[in-house]
Amino acid sequence: MITKTNSGLTNLPNIGKVLSERLIEVGIETVEELKTVGSENIFIRLLAVDDNSCINELFALEGAIQEIRWHKLDHDKKEELRMFYRMCKVQKQDRNEKLR
């Protein structure tokens, strides 16, 4: 049964109850929205509400979009996501420093 608390998201690989709830918190309520918005844009939203968002979440999102376990993402895709993650973290740190 699909409910507002999981919206089918938990049927995807890598998406458990906690990540599903976090996705709903940032406006991703369906599998279609997950796939349309994309892993990088969703990760930016997650990072905006939680500085502790980690690279494994980014991998999990991309794996869910591809409907595979994140461990099976190809090497090039993982490297692309690593570079994106580092860029996001640096920009977040720069913004935080400017606010001080």
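A nonpolar core is a set of buried Ala, Val, Leu, Ile, Met, Phe, Trp, Tyr and Cys residues joined through side-chain atoms within 4.5 Å; buried means under 20% relative accessible area, exposed over 50%, and partly exposed in between (1.4 Å probe, protein chains only). The model is predicted, so local features need pLDDT of at least 70 and side-chain atom pairs count only at pLDDT 80 or more, while totals for chains, interfaces and linings use all residues. Residues are numbered from 1 along each chain as its sequence is written, and side-chain values use heavy atoms, without hydrogens and water.

**Exercise 1.** Determine which helix gives the most residues to the largest nonpolar core.

*Solution.* Step 1: the largest nonpolar core has 15 residues, including Leu23 and Ile42. Step 2: two or more residues come from each of H1 (17-25), H3 (39-49) and H4 (55-66); helices are DSSP runs of H or I, at least four residues, numbered from the N terminus. Step 3: H4 gives the most, with four residues.

**Exercise 2.** Explain where the buried residues of H3 lie around its axis.

*Solution.* Step 1: the buried residues in H3 are Ser39, Ile42, Phe43, Leu46 and Leu47. Step 2: they fall within an arc of 140° and therefore line one face of the helix; the arc is that of the directions from the helix axis to the C-beta atoms.

**Exercise 3.** Identify the residues linked with Arg22 in a network of salt bridges.

*Solution.* Step 1: a salt bridge is a side-chain nitrogen of Lys or Arg within 4 Å of a carboxyl oxygen of Asp or Glu. Step 2: Arg22 meets Asp50 at 3.2 Å, N to O. Step 3: Arg22 also bridges to Glu57, with the closest N and O atoms 2.1 Å apart. Step 4: the network thus comprises Arg22, Asp50 and Glu57.
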